Structures are given as C-alpha cells and as structure tokens.
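Let's take a walk through this model together, one region at a time. Keep the viewer open and follow along.

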Amino acid sequence: MTAFRFPGSRVLAWLLPLPLAVPTYVTALVYVEILDAAGPVRSGLRNAFGRGIADAWFPEVRSLPACIVLFAFVLFPYVFVAARAAFLARDPSIMAAARTLGSRPVHLFLRVALPLARPAIAVGATLVLLESLNDIGATEYLGVRTLTVSAYTAWLNQSDLAGAAQIASIALLVVALLLVVEELQRDRSQYHGSANTTARGEPVELRGIRAGIALLLCALPVIIGFVVPAGFLALEVVRRELLEAAGPALIGHLWTTVFLALAATAVVILWSIAIVLAARIRPTRLARRIGFVAGLGYAVPGTILVLGLFGPLVGLDTALSRAWELATGEKARLILMGSGATLVIAYVIRFMRVGIVALSAQLAQTPPEIDQVARVLGARPAALAWHVQLPLLRPALGGAALLVFVDCIKELPATLLLRPLNLETLATVVYGAASRGSFEDGALAALVIVLAGLGPIAWLTQAMERTPRGGARAPLPDQAAF
Amino acid sequence: MRTYREGLRLASLGAALLVGTSGVLAGEVNVYTNREPGLYSATLDEFTKATGIKVNAIFSEQGLAERIAAEGEKSPADVLITVDIGRLQQALDLGVAAPIRSEVVASAVPANLRDPEGRWTALSMRARTIYVSKERVQDTALTYESLADPKWKGKVCTRSFQHPYNVALTAAMIVKKGEEKTKAWLEGVKANLAKKPSGGDRDVAKDIAAGVCDLGLGNSYYVGLMANGKNEEQKKWAAAIRPVLPTFEGGATHVNVSGAVVTKHAPNRDNAIKLIEYMTSPDAQQVFADVNYEYPIRAGVPVNAFVASFGALKPDPMSLADVAKARKRASELVDEVGFDR
C-alpha cells in the first residue's frame with residue numbers, strides 16, 4: 001500500500017482500517033449466521049452439488065482454525081495502521097541508497113524496509129495478541145477452549161474462584177513474558193531516521209494484471225472484515241424494519257455509550273500524558289515499569305478484571321458513602337457503582353495501554369537532543385514538559401483518543417457487570433438480543449456501534465494521509481517506549 | 001485538545017444525570033437478573049401496573065451474585081433472578097440470600113421446588129429434552145443413558161457440556177448413578193458427537209434441520225419459542241425436530257428451574273417479596289407457561305397446549321438441592337473426559 005500505486009489504492013488506504021470498527025463478537029455472530037450448516041452459503045452449495053459433496057469439504061465455522069482466521073481479519077488493522085505509518089515515515093534515502101547498491105525489490109523489502117518497520121509491526125502485533133487473549137465472547141461462541149474460557153468454567157461451574165484466578169494468572173504471565181521479550185529486543189535495536197528529510201519516496205505505478213492482483217489482495221481483508229459483517233447487519237436492519245421500530249430508547253443508549261466513552265477517553269489521555277512524560281523526563285526503570293504495569297489491564301479478559309475489581313471498587317465506594325453519611329447525616333447508597341463512575345474506571349484500566357502506546361510512540365520519534373537543548377537553555381522539568389514535550393505530543397493526541405474511544409464504545413464485559421440499574425449501552429443491547437436467541441433484533445444497535453467507530457477511524461486515516469512522506473508525524477508509529 | 005475538554009464537560013454532565021436517578025425512591029424494586037429481562041418484561045410490566053412499584057433491572061448472564069456479595073450491605077439489589085439450580089445454590093454459598101418470609105409463596109410453590117430454609121424459590125420449570133429429527137429418528141421413548149449408545153455414533157449434537165444446563169444434567173446423573181457410571185456415560189456421548197460442542201440449544205435444532213446430526217439435548221421451552229416466534233429460519237428448525245421427554249433408566253425426566261432469591265441487605269424488602277409473590281401468582285404463572293413455554297410450578301395452572309403436545313411431563317423426584325451439590329464434581333468430570341475438546 002505504500003510502495004505501489006494501483007487503481008483503487010487511495011480508497012483502500014481509507015477502507016483497510018475499517019474492520020477495527022466491528023466488535024469481534026459481532027463478526028463472530030455474523031459469520032456463524034452466514035457459514036453455519038444452516039446458513040445461506042452451505043444451503044446454496046447443497047442445492048447446487050448435493051448434500052454429500054457440499055458438506056464433506058466445507059470447513060466448520062465453529063472451530064479453532066475459523067476462530068484464528070476471524071480474529072486475523074478483525075484485528076489486522078492494528079498491524080496495518082502501525083506498519084503503514086512506519087513505511088510512510090521511513091527515510092526514503094535509505095531505500096534509495098540500497099537501490100543504488102544493487103538491491104532487487106524483493107531484497108529491498110525483506111532486508112531493508114521490513115527490518116526498519118519491525119518495531120511498529122511489533123507494536124501492532126502486541127495489540128492483536130492482547131485483544132485475542134482477552135476475548136471471551138467470540139471464542140466462547142465459536143466453541144474454542146482458550147485459557148480464558150477455562151478460567152470461566154472453573155469460576156462458574158466449579159465455584160472455584162481461586163482456580164479461575166490461577167488460570168487467569170497463567171494467561172497474564174504469558175502476555176507479560178511476551179511483552180518483556182518484545183521490549184528487550186527493541187532496546188537493543190534503535191532505529192534512527194533523519195526526521196526532517198524533504199525527499200519523498202515515490203510509489204511505483206502498477207498496471208494491468210499486476211494491478212488487479214494487488215487490488216484483490218488488498219481488498220480481501222476489507223471485504224471479509226468489514227463489508228460482509230456491516231452489510232449483513234444493514235440487511236437485517238432493513239429486512240426486519242428495525243429502523244422504523246427503533247424508539248427514543250436506542251438514542252438514549254447511544255448517548256449513554258458516548259458519554260461513558262468520552263469520559264474514559266479523557267481520563268486515559270490525561271493519564272497517559274503524565275506517564276509518558278514522566279518516563280521521558282526521568283527515564284528510570286521505575287517510570288517505565290509504571291507504564292508497563294498500567295498497560296497490563298488490556299491483556300486481562302474483561303470479566304476476570306471486573307471480578308478482581310469488585311473488592312477494591314466497592315471498598316472505595318463504601319468509604320465514600322460513609323464519608324457522605326458523616327458529612328450530611330443522610331443515608332447514602334453506593335455512589336460510584338450507582339453513578340456509572342465505576343464503568344469509567346474500568347474502561348480506563350482496560351484501555352490505558354492503548355493511550356500509553358500511542359503517545360509514547362509519538363514522543364519516541366523526537367530526538368532526545370531537543371530535551372537536552374531545552375535543559376541546557378535552563379528549562380526546568382515542568383517547563384520542559386509544558387513548553388516542549390506537550391506540544392510535541394499534540395499530533396498524536398487525536399489519534400490516541402480515537403483509538404481509546406472506539407475501544408470504549410465496543411466494550412462489553414465490564415459494562416455488563418459494573419453498570420448501574422437500568423443503564424444500557426449499545427453493546428449491552430446487542431448482548432441482550434443475542435441472549436434471547438434473536439441476535440438479529442440487535443442488528444441496529446450493532447450497526448450503530450460500527451458507525452460510531454467509523455468516524456474516528458476515518459479521522460485517524462485522514463490524519464495519517466496529511467503526514468508528509470518521509471516525515472515523522474504519525475499517530476501509531478514505530479518506536480514505542482512501552 | 002478540544003476533543004477531550006469537551007469530553008470532560010459532557011462526562012461530568014452525564015455523571016450528574018446518572019447520579020440523579022440512583023437514589024432510593026419509594027415504590028421501587030431493584031432486580032439483578034441472569035435471565036434476559038426481555039423474556040419476561042410482560043410480567044414485570046403487569047406487576048408495575050398492578051402495584052405501582054417500578055422495576056429497575058440489570059442483566060448479565062453471569063457475575064451478578066458475585067456483585068451482590070461484593071457490594072455488601074450497601075447493595076441496591078433486592079432480588080436476584082436466575083436460571084439453573086446451580087446458580088441458586090451459588091447465591092446461597094456466597095451468602096447473599098435471605099429467607100423469603102411469605103405465606104403466599106409457601107402455599108403457591110411445592111416444597112421440593114423451594115430451598116428447605118426458604119432462601120430461594122423456583123419461579124418456573126423446564127425439562128431437559130432430546131430433540132430428534134422428525135425424518136431420521138423414529139424413537140418416541142429415549143433415556144438420557146441411551147445418548148451414549150453406539151448406534152448414535154456421529155449423530156449427536158449438543159452445546160458445551162460446561163454450560164449450566166448440561167452440568168446440571170450431569171450432576172443429576174451423578175446423583176442417580178454415581179460418578180463412575182456418569183464418567184462412562186460422558187465418554188460414550190462424546191464418542192457419538194457429530195461435531196464439537198458449541199452454540200446454544202437452538203443451534204442443536206438448527207444442526208438437526210441442516211442434517212449435521214440426528215438428535216441432541218435441548219431445553220423444552222426453546223421448541224415453543226422457535227416454533228411460535230417471529231424468526232422464519234427458527235420456525236424451520238423447530239419444524240424439523242420433535243422433542244422427546246427422556247427419562248433416566250429407572251427414573252423420570254430431568255428438570256431444572258428458574259428461580260429467585262431476596263438479598264440479605266435488600267433496601268426494598270417488602271417490594272421484593274411482593275414481586276416474588278406476583279411471579280408465583282396464577283396470572284404470572286400463566287404468562288410463563290404461554291409466553292415462555294415453560295412448565296408452571298403452581299398447581300392448577302395449565303401447561304401451554306403446544307408444550308402439552310410433547311407428552312405429559314413426569315419430573316424425576318430427586319432433590320434439586322442434591323443436584324446443586326453435585327455440580328462441581330459434574331463440571332470436573334466433563335473436563336476430565338475432555339468433553340468439549
């Protein structure tokens with residue numbers, strides 16, 4: 001997408017991140033609906049070729065391989081967005097130098113471009129890894145026994161919360177280990193490009209059959225990850241006349257969802273700024289570890305996180321309401337749990353990593369010499385943070401905020417368990433319909449989730465498009481400190 | 001910059017709105033439900049109409065009993081409504097339930113469908129049936145044990161055996177036959193599976209309709225919901241199957257319940273008990289029977305005609321409390337034989 005230009009490539013740059021807007025559980029529900037033995041595809045095949053042939057070779061959609069493929073298509077934009085930013089931002093003079101030294105295109109890609117983008121791809125891949133690990137809705141629906149599902153079983157059927165905690169800890173340990181390995185590797189390899197080059201790497205024009213192949217390959221993820229699920233939802237909405245039946249209730253749920261997501265996003269961004277700047281100004285181990293630990297909430301399956309949160313949150317809440325009682329003499333109920341504040345807290349814990357990663361990546365792109373110059377000129381740490389580093393972070397703030405926002409809108413498990421009475425978000429509406437066994441009734445809410453995510457993602461792409469080639473301003477680029 | 005400043009403003013506004021609705025008002029009852037409230041919203045609406053008491057609810061399939069336990073004495077929850085005897089037992093184990101002191105409930109619900117100490121009561125009953133293909137299976141009387149018969153090799157479908165409905169069935173099998181025979185039974189059923197356990201009970205009907213398998217486990221009421229719902233595809237699945245009320249060898253049909261507990265720290269205890277009394281009243285029981293296709297627990301309330309067509313239900317007399325106690329072992333056995341793998 002960055003090295004070549006072919007018919008449709010500009011549009012595709014906009015479309016490729018879109019699968020991010022579709023929650024994984026929605027994609028799973030849709031594909032089971034379509035590809036199941038009773039679904040339209042297999043029924044059609046059966047009519048065409050007869051039962052024996054059609055059923056013999058058709059892969060089972062509720063299986064581990066299908067689950068992997070599905071996750072790949074839904075989550076690949078994390079890698080795509082990060083890698084593309086890195087390819088766009090790389091210094092074209094390096095490529096030019098390699099080319100003059102006689103490097104062939106394949107070599108150029110494998111030996112030069114790919115290693116340069118490795119940190120960015122790793123950041124994206126880590127997000128994919130964590131998202132897959134914390135999933136429960138889609139995996140359970142597809143009948144895949146993951147560690148997360150095992151933890152569930154121990155907890156629900158065997159009333160063995162300790163056992164569940166053990167299994168969850170194993171999962172967490174695996175993640176922590178992978179993250180540490182990834183980070184150690186990155187420490188050893190520092191990639192510096194000259195950030196202020198004016199040269200532009202011109203993409204190569206593709207024509208004819210090669211352009212066709214490129215178009216097909218690049219369009220496939222969009223079709224599978226976005227067009228089919230969103231199309232299916234839209235079709236159900238029209239077919240069941242859900243739009244006509246939708247009342248003010250759904251609009252209310254939409255606002256609730258947006259309120260909560262905005263509040264959580266604001267907290268995540270402010271807090272990420274503090275953590276990232278602290279690690280920059282005092283690059284101690286402690287500062288980096290704080291960032292690392294703060295981000296771990298992303299790897300924990302939502303429901304398990306919530307079970308762990310019940311104790312501390314309610315403890316805090318009880319203390320608050322006692323204080324209120326002392327101060328006013330009135331009897332008070334739980335304030336945080338009753339107000340939705342717990343939801344904001346849970347979102348912040350879950351999605352902190354998204355904010356930290358995006359912001360630290362931005363900061364890592366500015367050479368440390370800038371800080372040194374400021375310090376030499378007499379700037380104290382506070383002034384350095386306020387006058388130098390905060391403005392440097394600005395380009396990444398929007399992108400980071402949007403990623404967090406989209407994640408909050410899709411959030412389900414914490415919302416289900418921590419919400420106040422009568423509170424519904426779009427995700428819980430979809431969940432409720434699916435629980436009643438009529439997922440299609442929730443199609444409109446699901447579609448609204450997708451649409452709500454579309455705006456932010458399009459904005460993100462646009463921000464990336466504005467980035468000059470060879471420049472350094474990309475929201476999810478190549479060197480993250482955490 | 002503007003985005004998050006605006007965000008903050010909207011958020012504080014939102015928080016203020018939410019706080020405004022969270023106080024304790026007279027004439028309310030707060031329900032935590034593991035059952036999708038849409039399934040019995042008609043009953044709740046009728047209750048509000050009859051009593052003027054407003055029903056507030058949150059729904060999640062799991063974790064709500066833990067939440068009540070964590071919230072402790074300040075929990076807003078008055079009532080926990082749940083399905084499956086294991087879940088009711090879990091509420092007792094977590095110590096969130098208080099005795100339901102009501103003559104009305106005691107006289108409406110048979111003793112074997114209530115906690116001996118009065119901490120839970122059943123609200124409705126369902127049978128674990130076997131859906132069979134109308135085309136390919138002629139049997140009209142089946143036992144749960146027969147699902148392990150090698151003649152069904154490659155012909156059986158089921159949802160995960162770690163799902164509470166199947167855990168309860170396995171637990172009932174333990175109560176009936178002991179652990180060893182239950183384990184052999186699980187292995188036998190597993191050997192007969194046409195596909196990996198997945199989906200829900202409706203998917204069993206769906207798979208039978210699609211020819212993936214010939215028979216499988218499913219709750220009784222799903223047949224009614226599928227056959228009489230507004231989803232055209234599900235009507236076809238229901239039309240392809242015939243529910244058989246199976247029995248244990250030397251026993252009768254395995255039943256499970258939906259039920260309710262009143263919480264220990266219920267702020268609206270009187271209203272909570274009124275709600276449960278209403279849900280066991282003849283009117284509400286008739287709604288459970290006719291709208292949800294469940295078996296009413298109150299004597300004298302007729303079974304829906306569609307459900308009656310499955311045959312006369314004869315629930316196994318074993319104590320549901322014993323089943324609840326065996327469920328941990330049942331779940332472990334399911335893991336030991338690797339049923340879901």
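**A guided look at the two chains**

A:Cys408 is buried, at a relative accessible area of 2%. Here, buried means under 20% relative accessible area, exposed means over 50%, and partly exposed is in between, using a 1.4 Å probe and protein chains only. Before going on, a bit of housekeeping: this is a predicted model, where local features need pLDDT of at least 70 and side-chain atom pairs count only at pLDDT 80 or more, while totals for chains, interfaces and linings use all residues. Residues are numbered from 1 along each chain as its sequence is written, chains are lettered from A and ligands numbered from 1 in the order in which they are written, and side-chain values use heavy atoms, with hydrogens and water left out.

Staying with chain A, you'll find 22 helices and 2 strands there. Both kinds of element are DSSP runs numbered from the N terminus: helices are H or I with at least four residues, strands are E with at least two. Of the 482 residues of chain A, 55% count as buried. Take the contacts in chain A with a separation of 6 or more: residues 24 or more positions apart account for 80% of them. Contact means heavy atoms within 4.5 Å.

For a contrast with A:Cys408, go to A:Gly329, in the loop between helix 15 (302–328) and helix 16 (335–339) of chain A. A:Gly329 is exposed, with a relative accessible area of 64%. Its C-alpha atom is separated by 47 Å from that of A:Leu451, and the two residues are 122 residues apart along the chain.

Now over to chain B, where the domain assignment gives domain 1 (26–125 + 255–308) and domain 2 (126–254 + 314–336). These bounds come from an automatic or database domain assignment. The C-alpha centres of the two domains of chain B lie 26 Å apart. Across the boundary, 21 residues of domain 1 of chain B are in contact with 20 residues of domain 2 of chain B.

Which residues touch the most other members of the largest nonpolar core? They are A:Leu233, B:Val79 and B:Trp185, in a core of 213 residues. Domain 1 and domain 2 of chain B both give residues to this core, so it lies between them. A nonpolar core, by the way, is a set of buried Ala, Val, Leu, Ile, Met, Phe, Trp, Tyr and Cys residues joined through side-chain atoms within 4.5 Å. There's also a second, separate core of 12 residues, with A:Leu12, A:Phe80, A:Leu206 and A:Ala219 among them. As for B:Val79, leaving aside neighbours within four places in sequence, its contacts include B:Val29, B:Val31, B:Ala260, B:Leu275 and B:Ile276.

Next, a pair of tyrosines. UniProt, in an unreviewed entry, places the feature "binding site" at B:Tyr221 and B:Tyr222; UniProt positions are given in the numbering used here, feature names are shortened, and annotations may be inferred rather than shown by experiment. B:Tyr221 sits in helix 9 (residues 220–228) of chain B, and B:Tyr222 lies in helix 9 too. B:Tyr221 is buried at 5% relative accessible area, and B:Tyr222 is buried at 13%. The side chain of B:Tyr221 makes a polar contact with the side chain of B:Tyr165 at 3.0 Å. A polar contact is a pair of N or O atoms within 3.5 Å; within protein, one must be able to donate a hydrogen and the other to accept it, and residues adjacent in sequence count only if both atoms are side-chain atoms. Not counting residues up to four places away in sequence, B:Tyr221 also touches others, including B:Arg126 and B:Tyr293. With the neighbours within four places in sequence set aside, the contacts of B:Tyr222 include B:Tyr131, B:Arg159 and B:Asp201.

That B:Tyr293 has a backbone quirk: its phi is near 60 degrees, a positive value in a residue other than glycine. B:Tyr293 is found in the loop between helix 12 (282–291) and strand 10 (295–296) of chain B, and is buried at 11% relative accessible area. B:Asp84, also not a glycine, has a positive phi of about 85 degrees. B:Asp84 lies in the loop between strand 3 (79–83) and helix 4 (85–93) of chain B.

Last stop: B:Cys157 and B:Cys213 form a disulfide, with sulfur atoms 2.1 Å apart; the cut-off is a pair of cysteine sulfur atoms within 2.5 Å. The torsion about their S-S bond is about -110 degrees, so the disulfide is left-handed.
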